[in-house]
Structure formats: C-alpha cells, structure tokens
Amino acid sequence: MSQHPSLQKHRSSPSAIIVGAGLGGLAAGIHLARHGWQVTIFEKNRHAGGRMNVLEEAGFRIDMGPTMLMMPEVLHEIFSIGDRDPHDYLPLTKLCPAYRILWPDGTTLDMGVEMNCLVEQVRRIQAADAARVPALLAAMKAKYENARYRFIERSFNSPLDLLHPTTLVGLLKALPLESVYQMVSRYLTNEKLRQAFSFQTLYLGISPYRCPSIYALLPYVEMEFGVWFPIGGTYTLARGLERLFTELGGQIRYCLPVDQIAIQGRAAKGVRTADGCEHLADIVVCNLDLPSAYQKLIPNALRRKYSDGALAQKDYGCSGFLLYLGVKGLSLTHLPHNSIVLSENYNEVLDQIFIQRALPTDPAMHLCVPTHTDPSLAPPDHHVLYILVPCPNTQSNICWETAAPILRDRTIGKLERLGLIPNLHQHIVFERWFTPVDFEKLYGCYAGAAYGGLTPTFFQSAYFRPHSRSEEIENLYFVGASTHPGGGVPIVLTSGKLTAELIRKDYYRQILRTN
Ligand SMILES: Cc1cc2nc3c(=O)[nH]c(=O)nc-3n(C[C@H](O)[C@H](O)[C@H](O)COP(=O)(O)OP(=O)(O)OC[C@H]3O[C@@H](n4cnc5c(N)ncnc54)[C@H](O)[C@@H]3O)c2cc1C
C-alpha cells in the first residue's frame, strides 16, 4: 500500500478533497473537518445539497428532491457538535398524517398515525386484516432493528466485515429471502392493504415485488419516528449542512466540476478540475454517483471490478418525473401535506416502470402541498404543488423531450379526473418539470437512476454494495446513496459518518505502521 503523502511530509493536519457537495459529501466533510482535517469540496453546480435542490422563482420556493424527512434523531445528530443547538439549523415540524394513500375508487388510508387509528382505518377496508396490523408492524420493527444496528450503522469493506458474528446473525434474521410484497402478504389479505404497506420500496428505486424483505421497515419507521418537514422547506437541511461545514473551516468551490481523479501508481493524490488545475490532498472522497465516478473520473484501463463493461451490467433503480407547480386561487384543504395517489391497476404500473420500461399510462404519484405546513413558500392565495411520478430510468427507449409533456398531461388529467384537484390546469401560474435525463445531466446520476443508482437487491446491499473504500484505487473513498448503506436522507448522512470514520481509521493505522 502506498503511503499517505501527509505522512511522508509529516504535516500535522491531514487534507481531503471531496467531489460533490451533495448531502453525503457535506456530511463526510463535516465529520472530517470537526476532527481537524482540511477539507475542500469541489461542486459542479452552483448550489450545495445535490439532489436536495430548490427552485426559487416567481415568488415560489419549491423543493425539487426530498420532501419527507425521517429518523429526525439522525438528522439532528450531525448538528450536535460543540454547544450547537440542532434546531437552529433544522427546525422540524411533524406531519400528521405522514401521508394519505388515495386509490382511484375513493378508498383512503392515513399512514404514519397512531396504531389505534391505523387499525381502525384498516378495519374499514378489510375487517379481517385489522387484527394482523400490530403483528405486521412488530415484524417490521424487528427488520428495522436488525437493519439499523447490524447493517446501516456498520461499514462493509472486507470479507471479515461480512463474516463478523453480528453480521451473520443479521443475515440469518434477514432470511427467508422473500420480497417485501410477499412478506406483507403473509399478514394481510386485502390487495389495497398489501400495496399500502409495500409501495414504499419505490423510494429506493425498486419494485416491492423484487425488493428483499430486509427493507420491509419503512411503515414502521414512519409510524414510530414520524415524517417531518422543516419550516422553510426541505432545502433548509442542505443549507444547515453547508453552514455547519463552513463554520468548521471547510471550503466549497462551486461551479467547478472535477473531471479526473489524479492518480499516481495506483493511489489517488488529488483531482483535476474542469479549469485544468490540479489540486492535491491526502485522500479523495467521491460523492457523485459511484458508477459515474468510476466511468467519468478514472480511466477504464485502471479499473478491474468497475470497468465500463461491468458497470453497464449492474442493476440500476427506477427514476422519477417531477412536476413543480405554482397554483393560484385553489382551496386544497381536503388534501393533507403528502398524498400517495395509486393507480387502478398496480401491477400494470409496476410492470411499465420495471419490466416494459415504458411511460406509465395511469401514473401513480406522490403529491405534496408543502404550503399547508409553510405558507411562506408561495405568495398569498397561492400554493406549491410538488408531484413525483415513478418512471423508468434512461436505460429505457423513452425520448423525454416528447414524453415529458405527455406524462405531464396524464398526471394533471388524473388529478382532475379523480376530483382531487378539479380544473387544476386553469389554476397553474408557474410550471417546471424534471426528467430522468435531467438527473443524469444535473447531478451525474448513472442511467438517470434517481434514488441511489444501484438497485438495493440482496446482491447489491451491505458487503455486496460498492464499498466506501475504493476497491480499485488507494486513498480513494466514496460516500452517498450509491455506496453503503444506500439512499435516503438519513441513510446518506450515516454514510458520511461511516466514510469519515473509515478514512480516519485508515489514516491513523498508517501513522502507527510508519512509527
Ligand atoms: C425526487 C427525489 C425525491 C426524494 N425524496 C426523498 C425523501 O422524501 N426522503 C428521503 O429521505 N430521501 C429522498 N430522496 C433520496 C435523497 O434525496 C438522496 O438519497 C440523497 O439526496 C442523495 O445524496 P448524495 O449525496 O448521495 O448524492 P447527490 O445529491 O447526487 O450528490 C452528488 C453531488 O455531486 C455533484 N457532482 C456530480 N458530478 C460532479 C463532478 N464531476 N464534480 C463535482 N461535483 C459533481 C452533484 O452536483 C451533487 O451535488 C429523494 C430523491 C429524489 C431524487
């Protein structure tokens, strides 16, 4: 193994370069800077937060990515440095219900509510299933505890990590290898209820029919820890992280993409930015999507496991089509902050997204009205509507230039037809959309896969997911949704912590070795 340049030079303060100021990059930067590292982040865009982005135009402030924050203690933990009050950085409001599921026939179910309330609602949909809901959520709680303490909060970088007794126990508990949908179906007989407790895998970019049941935990997390929204919008979190990072002495260079990892022998020694300058550091951390990082920043000849061919063979998650609307003169009091609008034919939609890779004909969607919780996000008498439609990634044959207006009309038409927002199109005063191609172009997501690149199948999770320490290049690390533990805001923040711990451990191990 080559030696860290800092050890050779006996400098006291080690240095790190991070490629990308997404949540993962910011979190890793914070955890390194707080331990005295000199950290510089190079970010291709003009904002921090990556996919946690915001659109500020015409008096509207519209979150473009995440809208539902979970595991608030993980979100606040990162701000608990010194005598800081996490609430100064991230003031959170709990949403109740977390969201309402709406089916086209008018059936509804509020999720993220107290157990009694949930059971009562289930009773109205299918009386026989009501008594089984507590057992299902208890099983999900066990999945959560297994996943959190045996997988999410542990690094997986060597076969020994996999063979660790804690992990082996966790793996045994994760068996049998049934899907989330199959697991839920062991408890509930009603098809709508099965959908309600399994569709959440779409947040991970994978179908509930395929997602391993180790991930059957989100309904429990939503109910137990709540779903939260920051006043000022979700982007408040990105701003808070950016502020904390700079308070700790970190530097962010915006609008300066990295176009190559500078490599000497088989070790990273820094990066080359688009302006042609080379910047040196003891270690380099890539926050951009891992497959894109390998493909774009490291010559193919230097890669074995992650060659261009191998990357193309991997399994990538679905994407999303987003509509950001500003509307005027609508009373939306009948809608909660978050709604999940499902489709007439659930199988058909999943089939279109994951198998046929076609444009959904009857789009399912997440509809968010953040102005219910924070009216300051729009001018008076206006609302913000955020609509997220799961759709195939760019490995499909869809031409988004022609498809986007079609999907836009289907989505708005559906909300009108179901009577959820009658005459919606007449009230739109501001409108933008965002397609899978935009995910590729703006954030560098491989195949435009919006949620974390690699699908979290069993063989792309934990030890089998790309490691935080590069398996190809020394002194190179990864952080973010496409590496362990995976996608989602609290999980990516955890990834920042794990990667920073690993970097520090490796660094001090080197020091011990050389002394
Ligand atoms: C539409 C949508 C909705 C979501 N909703 C939720 C939700 O409600 N709740 C939740 O918990 N999670 C949600 N997620 C998931 C969550 O947003 C992501 O898991 C998380 O933001 C990913 O962060 P990251 O740091 O891994 O990656 P990114 O945010 O992609 O950060 C990577 C950064 O690298 C930069 N970059 C790329 N190439 C270069 C280069 N060459 N040089 C320099 N910089 C570069 C990018 O600009 C970007 O800033 C959602 C995701 C999407 C897409």
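User: What makes H2's passage by H13 a left-handed crossing?

Analyst: H2 passes H13 in a left-handed crossing, a label used because the near helix is turned anticlockwise from the far one by less than a right angle (clockwise would be right-handed). Keep in mind that this is a predicted model, where local features need pLDDT of at least 70 and side-chain atom pairs pLDDT 80 or more, while totals for chains, interfaces and linings use all residues. Residues are numbered from 1 along each chain as its sequence is written, and side-chain values use heavy atoms, leaving out hydrogens and water.

User: Why is H2 called roughly parallel to H13?

Analyst: The axes of H2 and H13 (residues 235-247) cross at roughly 30° and come within 9 Å. So H2 counts as roughly parallel to H13, since the label covers angles under 35 degrees (over 145 is roughly antiparallel, 65 to 115 roughly perpendicular, the rest oblique).

User: Which residues of H2 and H13 meet there?

Analyst: On the H2 side they are Leu23, Leu26, Gly29 and Ile30, and on the H13 side Ala238, Leu241, Glu242, Leu244 and Phe245; contact here means heavy atoms within 4.5 Å. By class, that gives seven nonpolar, one polar and one charged residues. Gly goes with the polar group and Glu with the charged one, by definition.

User: And what makes H2 oblique to H20?

Analyst: H2 (residues 23-33) and H20 (residues 489-514) pack at an angle of about 40°, their axes 8 Å apart. That makes H2 oblique to H20. The crossing of H2 past H20 is right-handed.

User: Which residues make the contact between H2 and H20?

Analyst: From H2 come Leu23, Gly24, Ala27, Ala28, His31 and Leu32, and from H20 come Val489, Val492, Leu493, Gly496, Lys497, Ala500, Ile503 and Arg504. Sorted by class, this contact holds nine nonpolar, three polar and two charged residues.

User: How do you know that Leu23 makes a polar contact with the ligand?

Analyst: One of Leu23's backbone N or O atoms is 3.2 Å from a ligand oxygen atom, and a polar contact is a pair of N or O atoms within 3.5 Å. Met68 passes too, with a polar backbone atom 2.8 Å from a nitrogen atom of the ligand. So does Gly488, where a backbone N or O atom is 2.9 Å from a ligand oxygen atom.

User: Which residues come nearest to the ligand?

Analyst: Glu43, Arg51, Met68, Ala481 and Val489, out of 35 residues around the ligand; being near takes a heavy atom within 4 Å.

User: What is the omega of the cis bond joining Cys96 and Pro97?

Analyst: About 0°. Pro97 is in the loop between strand S5 (92-95) and strand S6 (99-102). Another cis peptide bond joins His484 and Pro485, with omega about 5°, and Pro485 lies in the loop between strand S19 (476-478) and H20.

Definitions and conventions: Axes are lines fitted to C-alpha atoms, for helices over the stretch in contact, and angles run from 0 to 180 degrees between N-to-C directions. Helices (H or I, at least four residues) and strands (E, at least two) are DSSP runs, numbered from the N terminus. A polar contact is a pair of N or O atoms within 3.5 Å; within protein, one must be able to donate a hydrogen and the other to accept it, and residues adjacent in sequence count only if both atoms are side-chain atoms.
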